[in-house]
Amino acid sequence: MTKRKAPAESSVEENVYKVFPNDLNSEYTVFGGLVMGLCDRTALIVAERHSGHTCVTAAVDSLNFLSPARAGETLIVKAAVNRSWRSSMEIGVHVAAENSHSGESRHVVSAYLTFVALDERGKPTSVPEVMPRSKTEKRRFEEAQSRRDQRLANRSPG
Ligand SMILES: CC(C)(COP(=O)(O)OP(=O)(O)OC[C@H]1O[C@@H](n2cnc3c(N)ncnc32)[C@H](O)[C@@H]1OP(=O)(O)O)[C@@H](O)C(=O)NCCC(=O)NCCS
């Protein structure tokens with residue numbers, strides 16, 4: 001039987017990545033693909049912790065780059081499961097750029113990623129329900145349903 005799990009059981013509180021010059025684009029700000037990869041990898045850990053299965057990225061939506069990150073800064077990635085359905089899970093990711101000398105930080109990226117848990121044969125398999133506890137978790141849980149409806153409506157026909 002699939003048990004219910006709280007977001008705190010699978011969340012990543014602080015995945016840190018120190019930016020060096022080889023992470024930059026031609027504008028000398030952090031290459032967006034690196035940040036996207038960090039989001040994907042961190043969210044994957046949350047999905048695998050929550051489901052207990054190998055997971056694949058099914059969709060990425062609302063990935064907004066709000067501010068550039070620069071060499072010498074530290075990227076701090078936080079991720080948590082917002083809601084799950086039968087085999088899929090929405091993971092919310094927040095990335096901040098920190099000046100680790102002063103402690104100042106600013107919001108760089110927010111994103112929602114959907115992962116699907118797979119069984120041993122590579123087929124979608126059921127995952128635990130999300131049991132939101134805090135007010136914020138409850139709000140994220142409620143809002144996730146309309147995002148799912150929207151992304152499934154936008155899903156291109158195979
Ligand atoms: C994601 C994948 C496993 C879904 O398989 P499928 O045969 O379409 O399976 P289903 O139609 O039964 O869907 C399974 C779940 O995925 C969800 N899903 C599939 N595509 C989705 C999308 N674009 N957005 C959100 N959810 C999606 C379905 O809603 C369903 O969720 P539920 O079980 O919680 O209701 C399959 O499309 C796949 O393997 N895609 C490639 C994944 C990959 O390689 N990712 C790495 C990127 S390189």
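Modeller: Contact means heavy atoms within 4.5 Å. This is a predicted model, where local features need pLDDT of at least 70, side-chain atom pairs count only at pLDDT 80 or more, and totals for chains, interfaces and linings use all residues. Residues are numbered from 1 along each chain as its sequence is written, and side-chain values use heavy atoms, with hydrogens and water left out.

Biologist: Leaving out residues up to four places away in sequence, which residues does Val-35 touch?

Modeller: Val-35 belongs to the residues with the most contacts inside the largest nonpolar core. Such a core is a set of buried Ala, Val, Leu, Ile, Met, Phe, Trp, Tyr and Cys residues joined through side-chain atoms within 4.5 Å. Buried means under 20% relative accessible area, exposed over 50%, and partly exposed in between (1.4 Å probe, protein chains only). The partners of Val-35 are Val-30, Phe-65, Leu-75, Val-95 and Val-109.

Biologist: Which element gives the largest share of this core?

Modeller: The core has 30 residues, and those with the most contacts include Leu-75, Met-89 and Phe-115. Two or more residues come from each of α1, β3 (74-84), β4 (88-98) and β5. Elements are DSSP runs, numbered from the N terminus: helices are H or I of at least four residues, strands E of at least two. The largest share, 7 residues, comes from α1.

Biologist: Is His-50 buried or exposed?

Modeller: His-50 sits in helix α1 (residues 32-51). Beyond four places in sequence, its contacts include Lys-5, Val-81, Met-89 and Pro-128. Its relative accessibility is 1%, so His-50 counts as buried.

Biologist: Now the ligand. Which residues come nearest to it?

Modeller: A residue is near if one of its heavy atoms lies within 4 Å. There are 15 residues around the ligand. They divide into 7 nonpolar, 4 polar and 4 charged. Those that come nearest are Thr-57, Arg-86, Ser-87, Ser-88 and Arg-155.

Biologist: Which element supplies the largest share of the shell?

Modeller: β2 (54-65), β5 (105-118) and α2 (135-154) each supply at least two residues of the shell. The largest share is 4 residues, and the element is β2.

Biologist: How far is a polar side-chain atom of Arg-155 from a ligand oxygen?

Modeller: The cut-off for a polar contact is a pair of N or O atoms within 3.5 Å; within protein, one must be able to donate a hydrogen and the other to accept it, and sequence-adjacent residues count only if both atoms are side-chain atoms. A backbone N or O atom of Arg-86 lies 2.9 Å from an oxygen of the ligand. For a polar side-chain atom of Arg-148 the distance to a ligand oxygen is 3.0 Å. For one of Arg-155 it is 2.8 Å.

Biologist: What percentage of the ligand's area does the protein bury?

Modeller: Accessible areas come from the Shrake-Rupley method with a 1.4 Å probe; for residues, only the protein chains shown count as cover. Taken alone, the ligand exposes 930 Å². Of that, the protein buries 54%.

Biologist: Back to β2. How far apart in space are the C-alpha atoms of Asp-61 and Arg-151?

Modeller: Asp-61 is in strand β2 and, at 17% relative accessibility, counts as buried. Past four places in sequence, Asp-61 touches Ala-111, Tyr-112, Arg-147 and Arg-151. Asp-61 and Arg-151 are 90 residues apart in sequence, yet their C-alpha atoms are separated by 7.9 Å.

Biologist: And Ala-58: buried or exposed?

Modeller: Ala-58 also lies in β2. Leaving aside neighbours within four places, its contacts are Thr-114, Phe-115 and Val-116. Its relative accessible area is 52%, so Ala-58 is exposed.

Biologist: Which residue has a positive phi although it is not a glycine?

Modeller: Look in the loop between β1 and α1. Thr-29 has its place there too, and at 13% relative accessibility Thr-29 counts as buried. The residue with a phi of about 60° is exposed, at 63% relative accessible area. It is Tyr-28.

Biologist: Which backbone oxygen lies 3.4 Å from a polar side-chain atom of Lys-138?

Modeller: Lys-138 is in helix α2 and is partly exposed, at 44%. Setting aside neighbours within four places, Lys-138 is in contact with Pro-132 and Arg-133. The backbone oxygen belongs to Arg-133.

Note on methods. Ala, Val, Leu, Ile, Met, Phe, Trp, Tyr, Cys and Pro count as nonpolar, Asp, Glu, Lys and Arg as charged, and the others, Gly among them, as polar.
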